[in-house]
Amino acid sequence: MNIVVTVKQVPDTWAEKKLDASDRTTDRKSVDNVMNEMDEYGVEEALRIKEAHGGEVTVVTMGPQKAVETIRKALSMGADKAVHLTDDALHGSDALQTSKALAKVIATLSPDLVITATEASDARGGVMGALLAERLGLPQLTLARKVTVDPAAGTVQIERQADNGYALVEASLPAVVGVVEKINEPRYPSFKGIMAAKKKPLTTLGVGEAGLDASEVGLASAGSKVDDAEPRPPRQSGTIVKDEGDGGAKIAEFLATQKLI
Amino acid sequence: MAEVLVLVEHADGEPKKVTAELLTLARTLGEPSAVFLGGPGTYAKAKEYLAQYGAAKVYVGESDDLADYVVAPAAEVLAKLIASASPVAVLTAATPDARETAARAAAKSDSGFLWDAVGLTPELVATQGIFGGSTIVQSHVTKGIPVIAVRPNSTAAEAAPGTPTEEQLTIEVSDVAKTAKIVDRVVEAKSGRPDLTEAQIVVSGGRGLGAGENFALVEKLADSLGAAVGASRAATDAGWYPHQNQVGQTGKTVSPQLYVAVGISGAIQHRAGMQTSKTIVAINKDPEAPIFELADFGLVGDLFQVVPQLTDEVEKRK
């Protein structure tokens with residue numbers, strides 16, 4: 001199995017995230033940046049499939065130079081090699097442009113399986129799996145909470161999460177699989193893994209080397225524009241009371257005055 | 001008047017409440033045309049509802065292909081309709097299936113795509129709460145026909161009864177869109193409660209519950225209020241409640257009229273999924289819990305005493 005897994009470096013979950021004042025893109029300079037938490041599930045799933053069926057796991061990311069830290073993390077978890085698409089021209093790309101750029105890189109790797117996470121914690125679009133399937137012309141197996149690959153038959157089956165249960169979805173390989181959180185328990189990189197990661201092959205591509213035209217990516221040609229950004233006004237502080245044995249009744253009173261019950 | 005396409009959100013033909021919200025919003029932009037895509041014989045269940053909420057026209061697409069394959073066939077049909085109808089905008093719900101459909105249709109039509117809009121002006125400037133709702137941005141699409149996925153509960157639905165014209169769509173789906181086949185649908189939890197993202201009231205439980213079986217307390221309170229049940233990440237990580245009920249940064253974002261947080265500390269991860277709720281009530285034994293910073297009404301106390309009492313009080317007042 002030739003498996004590609006996409007990862008993204010994002011501002012730390014615990015960081016106060018904001019937009020850059022100059023161009024209203026996500027401010028990645030003033031915060032700690034980490035691998036998108038959900039991507040750890042994608043990497044883990046890729047590694048498990050490789051361990052069960054053999055093959056190779058290639059990490060693909062698009063992002064600034066610094067995103068190499070996130071590649072290193074995926075390699076130290078056990079991925080075999082990586083491709084880093086990085087170029088100033090990519091700055092400010094929207095989800096549609098990003099999917100186009102990633103698909104271009106992924107197609108050259110001829111994968112059997114492309115694994116993504118459901119969403120990144122910065123933009124929370126939740127559409128990258130669907131868009132990669134669209135761009136690559138491959139089956140879309142997103143929102144997977146369980147993945148079963150049958151390399152001999154050349155098929156993959158997933159449980160696609162729904163509000164009240166799941167849909168069982170099947171496709172032939174190659175396919176794009178998008179995994180949800182909780183599909184597995186991501187491993188921590190071992191010391192050995194961290195040392196080995198330093199020697200693993202990493203290919204760095206610019207826009208031109210990836211076969212992209214700088215005019216189709218980046219902020220200037222994005223499909224949408226942020227006109228204005230303001231911090232949300234803080235909530236008015238409310239009433240906090242200590243339970244004196246009638247707490248439940250007090251809440252009910254409050255709800256009644258608010259006409260909520 | 002300019003045509004606005006509204007992708008109908010439904011379950012096997014039964015319209016979801018967000019459909020009425022989208023039609024209401026679309027009426028402020030132009031003339032709404034509902035786009036119904038589903039399996040054979042499902043439209044009949046939605047017909048009256050779409051007329052009730054002011055669809056001027058309904059495009060009806062019914063086909064096994066739409067029901068049997070993941071997203072791609074619907075995206076193809078929607079993209080074709082965008083090309084032939086040239087609407088001023090396309091609105092969908094910001095739910096998982098609809099946003100995937102919207103994104104793929106936008107890619108096919110080389111159009112810009114915005115998601116999680118909570119407001120939209122007649123000039124098609126969208127309001128979005130980003131970074132877990134901590135920053136409010138105004139954005140607009142600069143390319144093609146704006147495709148905008150709108151959060152449930154962001155517009156109050158208003159009826160506008162009429163008699164829409166109907167146009168049957170011929171569904172011809174390419175082979176490449178028929179590759180992810182749905183072979184079975186399994187219903188695991190038929191709670192009878194409203195959908196989490198659509199609910200007017202959400203009651204969520206967290207670490208303070210201490211054990212999965214104690215979610216019964218949360219469920220009882222939710223049922224007395226007619227609410228959906230949510231859970232914090234700590235609770236879903238512990239396996240106390242299903243992951244699809246998780247509210248927060250890596251779960252669902254909700255914006256109900258009332259959010260009741262039971263035994264939830266209110267870490268940033270959780271706040272990101274609920275801080276735009278209209279009214280927030282928190283019950284927690286720790287007076288320092290950050291959830292109290294958000295609460296309109298906070299009760300410092302033992303949830304095992306407070307919640308049953310609250311449930312009784314709500315029942316009494318019915």
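**Two chains, two domains and their cores**

In this predicted model, chain B meets chain A through 72 residues of its own, which are in contact with 66 residues of chain A. Sorted by class, the face that chain B turns to chain A holds 36 nonpolar, 22 polar and 14 charged residues.

Let's look at the backbone across this boundary. Strand E12 of chain A, residues 224-231, runs antiparallel to strand E9 of chain B, residues 135-141, and seven bridges join the two. If you would like a pair to find on screen, try Pro231(A), whose bridge partner in E9(B) is Thr135(B).

Now turn to chain B by itself. Its domain assignment gives domain 1 as residues 3-177 and domain 2 as residues 201-316. How far apart do the C-alpha centres of these two domains lie? The separation is 31 Å. Between them, six residues of domain 1 are in contact with seven residues of domain 2. On the domain 1 side of chain B, the residues touching domain 2 comprise five polar and one charged, with no nonpolar residue.

Next come the nonpolar cores. In soluble globular proteins, nonpolar side chains tend to be buried together. The largest core here has 130 residues, and Val177(A), Val6(B), Val35(B) and Ile148(B) touch the most other members. Helix H4 of chain B, residues 72-85, gives the most to this core, with eight residues. Leaving aside residues up to four places away in sequence, Ile148(B) touches Ala89(B), Val90(B), Leu91(B), Leu114(B), Ala117(B), Leu120(B) and Ala126(B). Apart from the largest core lies another, of 48 residues, including Leu209(B), Ala228(B), Val281(B) and Val307(B).

Key:
Residues numbered from 1 in each chain as written. Chains lettered and ligands numbered in written order. Predicted model: local features only at pLDDT ≥ 70, side-chain atom pairs only at ≥ 80, totals over all residues. Domains from an automatic or database assignment. Contact = placed C-beta atoms within 7 Å. Nonpolar A, V, L, I, M, F, W, Y, C, P; charged D, E, K, R; others polar. Core = buried A, V, L, I, M, F, W, Y, C linked by C-beta atoms within 7 Å. Buried ≥ 20, exposed ≤ 12 C-beta atoms within 10 Å, placed from the backbone. Helix = DSSP H or I, 4+ residues; strand = E, 2+ residues; numbered from the N terminus. Pairing = 2+ DSSP bridges.
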